[in-house]
Amino acid sequence: QLNVNHSEYIKALKAVRNVKGVKKVFIRSGIRYDYVLADKDERFLKQLCEHHVSGVLKVAPEHISESVLKNMRKPGKDIFDEFSRKYNQMNKILGKKQYMIPYFISSHPGSRLKDAVDLAVYMKRTGFVPDQVQDFYPTPGTLSTCMYYTQMDPFTMKPVYVAKNPEEKRMQRALLHFHKKENAAIVKKALKKAGREDLIKELIAGKNLR
């Protein structure tokens, strides 16, 4: 039933740009990329890239594992990949060198160690180096917190895996910052525990491999 239409947003942005004394209007984050893709009119994406990105746009796919994203009630990885492709394509058309930084979260309800490994591999192979990584913590009034405490989905009443062991939480967070030298040892430990020793050289090559 949702009417996907950015026309009012486009008008508002244009109005702000035309205010006397306003040089630039930047949208640094908060873009719902799935909603942008659902709009078949690409005027908003064009205006975003042409006028409102200060070199880097931050977006929040939060994860790439289908099971984790399902618990988050967020769109699948393919949607984020498609937005990334269209964003890069639009910047190329406009002749702009602008980038995108994704925001990811570790240990969200539903995220097992293997999901964190899959996310680390995805970031490595796509070249996305996270600017920020947040380890999940419960906050009142959210569906995620309900799943964290009850370890089940309140809508389906099916069990949900929740990483509560401090060591596993450290492993999941370290995997998302696999590129940091200080995380080499714990990343290697996590890969071994997940049965993915085949990824050690790829993720921490040249960093404390002993």
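**View 1. Salt bridges across the model.** The structure holds 15 salt bridges. The model is predicted. Side chains of opposite charge can pair when their charged atoms come close. Three such pairs are shown in the views that follow: Lys11 with Glu8, Lys77 with Asp78, and Arg85 with Glu82.

**View 2. Lys11 and Glu8 in helix α1.** A salt bridge links Lys11 to Glu8. Their closest N and O atoms are 3.9 Å apart. Helix α1 covers residues 7-17. Lys11 and Glu8 are three residues apart in this helix, so about one helical turn separates them. Lys11 is exposed, and so is Glu8.

**View 3. Lys77 and Asp78.** The side chains of Lys77 and Asp78 form a salt bridge, with an N to O distance of 3.8 Å. Lys77 has 24% relative accessibility. That value lies between the 20% and 50% limits, so Lys77 counts as partly exposed. Asp78 stands at 56% relative accessibility. Exposed means over 50%, so Asp78 counts as exposed.

**View 4. Arg85 and Glu82 in helix α5.** Arg85 and Glu82 meet through their side chains in a salt bridge of 2.8 Å, N to O. Helix α5 spans residues 77-94 and holds both partners. They sit three residues apart, about one turn of the helix. Arg85 has a relative accessible area of 41%, so it is partly exposed. Glu82 is at 28% relative accessibility and therefore also counts as partly exposed. Elsewhere, salt bridges with shared partners join Lys77, Asp78 and Asp81 into one network.

**View 5. The largest nonpolar core.** This core has 44 residues. Ile31, Leu57, Phe83, Tyr122, Leu175, Leu176 and Leu191 touch the most other members. Helix α6, residues 113-126, gives the most to the core. Its contribution is eight residues. Another core lies apart from this one. That core has seven residues, including Val68, Met72, Ile105 and Val162.

**View 6. The surroundings of Leu176.** Leu176 is one of the residues that touch the most other members of the largest nonpolar core. Neighbours within four places in sequence are left aside here. Leu176 is then in contact with Phe104, Ile105, Ser106 and Ala116, among others. Its contacts also include Leu119, Met123, Pro130 and Val133. One of these partners, Ile105, belongs to the seven-residue core.

Terms used. Residues are numbered from 1 along each chain as its sequence is written. This is a predicted model: local features need pLDDT of at least 70, side-chain atom pairs count only at pLDDT 80 or more; totals for chains, interfaces and linings use all residues. Side-chain values use heavy atoms; hydrogens and water are left out. A nonpolar core is a set of buried Ala, Val, Leu, Ile, Met, Phe, Trp, Tyr and Cys residues joined through side-chain atoms within 4.5 Å. Buried means under 20% relative accessible area, exposed over 50%, partly exposed in between (1.4 Å probe, protein chains only). Helices (H or I, at least four residues) and strands (E, at least two) are DSSP runs, numbered from the N terminus. Contact means heavy atoms within 4.5 Å. A salt bridge is a side-chain nitrogen of Lys or Arg within 4 Å of a carboxyl oxygen of Asp or Glu.
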